[in-house]
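User: Could you walk me through how to read a model like this one, feature by feature?

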Amino acid sequence: MTPEEFYLALEKSKIRLTNKQKKQFERYFDLLIEWNEKINLTAITDKNEVYLKHFYDSIAPLLQGYIPNEKLALLDIGAGAGFPSIPMKIIFPYLQVTIIDSLRKRITFLNLLAEELELEGLAFYHGRAEDFGHDKHFRAQFDIVTARAVARLQVLAELTIPFLKNKGKVIALKSQAIEQEIEEASKALALLFSQVIENHHYHLPNGDERFITIVEKKKETPNKYPRKAGLPNKKPL
């Protein structure tokens, strides 16, 4: 997907990028490649592949109508090089985006990226989701939590749901069929008072399969969740 094909695909969804937004994506690509030589940010470095498999893939929840351009509090867990939340923020600047990542070097990159792209309404924190999930400044403070290729739903639920306000939603971007994950996560979702409300199947322009799984928080998360760092992965609910 060339940058021009990227712009045209967005226009089909009635999203017309300004010259500034186009330049932001161009600069994003340049910095991604530059910093990828210093720290491991992505295995995908071909420009057309980055526009398709990082930029376009990240904004699927916008294109599918799951996230509006409003002043919503959005948390991105394990965003790595900023996916999916930074491409979303470029296109929908009203979103208030917070990113938590466990690697300090990635946080350094993201701070530089936000500065270079002149993005406002962004905050970056170094640490584990399990620890921030018990911090009153983060717990139950977000309308949306996004996660792209972070963990299986059984684990992801414990890492994300404590951050949501009641009726808030986890939007998980998945690259493979998730029906079995949903089944395996049924106990965890029940313990966390949450429920899968939609599992949307679609394709990227090149034909690759993708899924958007949406989990809604029904009521307050019990205080014991999330458990200590590492436990959700070692002993899933």
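Here is a short tour of a helix, the cores, the pockets and some backbone details.

Analyst: Before we start, this is a predicted model, so to speak of local features we ask for pLDDT of at least 70, side-chain atom pairs count only at pLDDT 80 or more, and totals for chains, interfaces and linings use all residues. Residues are numbered from 1 along each chain as its sequence is written, and side-chain values use heavy atoms, with hydrogens and water left out.

User: Which residues of helix α1 are buried?

Analyst: General idea: an α-helix has 3.6 residues a turn, so residues three or four places apart point the same way. Helices here are DSSP runs (H or I, at least four residues), strands are E runs of at least two, and both are numbered from the N terminus. Buried means under 20% relative accessible area, exposed over 50%, and partly exposed in between, with a 1.4 Å probe and protein chains only. In α1 (residues 3-12), Pro3, Phe6, Tyr7, Ala9 and Leu10 are buried. Seen down the axis of α1, these buried residues fall within an arc of 160°, so they line one face of the helix; the arc is that of the directions from the helix axis to the C-beta atoms. Glu4, Leu8 and Lys12 are exposed on the other side of α1.

User: What do the buried residues of α1 pack against?

Analyst: Look for contacts, meaning heavy atoms within 4.5 Å. The partners are α2 (19-36), α3 (47-58), α4 (60-63) and α5 (85-91).

User: How many residues does the largest nonpolar core have?

Analyst: A nonpolar core is a set of buried Ala, Val, Leu, Ile, Met, Phe, Trp, Tyr and Cys residues joined through side-chain atoms within 4.5 Å. The largest one has 54 residues, and Phe6, Leu10, Phe55, Ile86, Ile91 and Phe109 have the most contacts inside it. α2 gives the most to this core, with six residues. Try Phe55: leaving aside neighbours within four places in sequence, its contacts include Phe6, Phe25, Tyr28 and Phe83. There's also a second, separate core of 28 residues, with Ile77, Ala157, Phe163 and Leu237 among them.

User: And which residues lie nearest the centre of the largest pocket?

Analyst: On a 1 Å grid over the protein atoms alone, a pocket is an open set of points with protein on both sides within 12 Å along at least five of seven lines, and lining residues have an atom within 4 Å of a point. The largest pocket is lined by 33 residues, and Ile77, Gly78, Arg148, Ala149 and Val150 lie nearest its centre. Elements giving two or more residues to that lining include α3, β2 (96-101) and β5 (164-174).

User: Where are the cis peptide bonds, and what omega do they have?

Analyst: Check omega at the prolines. A cis bond joins Phe83 and Pro84, with omega about 10°, and Pro84 is found in the loop between β1 (73-77) and α5. The bond from Tyr225 to Pro226 is cis too, with omega near 0°; Pro226 sits in the loop between β7 (209-217) and α11 (231-234).

User: Which phi does Ala140 have?

Analyst: Here you check the sign of phi. Ala140 has a positive phi of about 60° although it is not a glycine, and it lies in the loop between α7 and β4 (142-148). At 36% relative accessibility, Ala140 counts as partly exposed. Phe193 has a positive phi of about 50°, and Lys14, just after α1, takes about 65°.

Note on methods. On a 1 Å grid over the protein atoms alone, a cavity is a set of points where a 1.4 Å probe fits but cannot get out, and a pocket is an open set with protein on both sides within 12 Å along at least five of seven lines; lining residues have an atom within 4 Å of a point.
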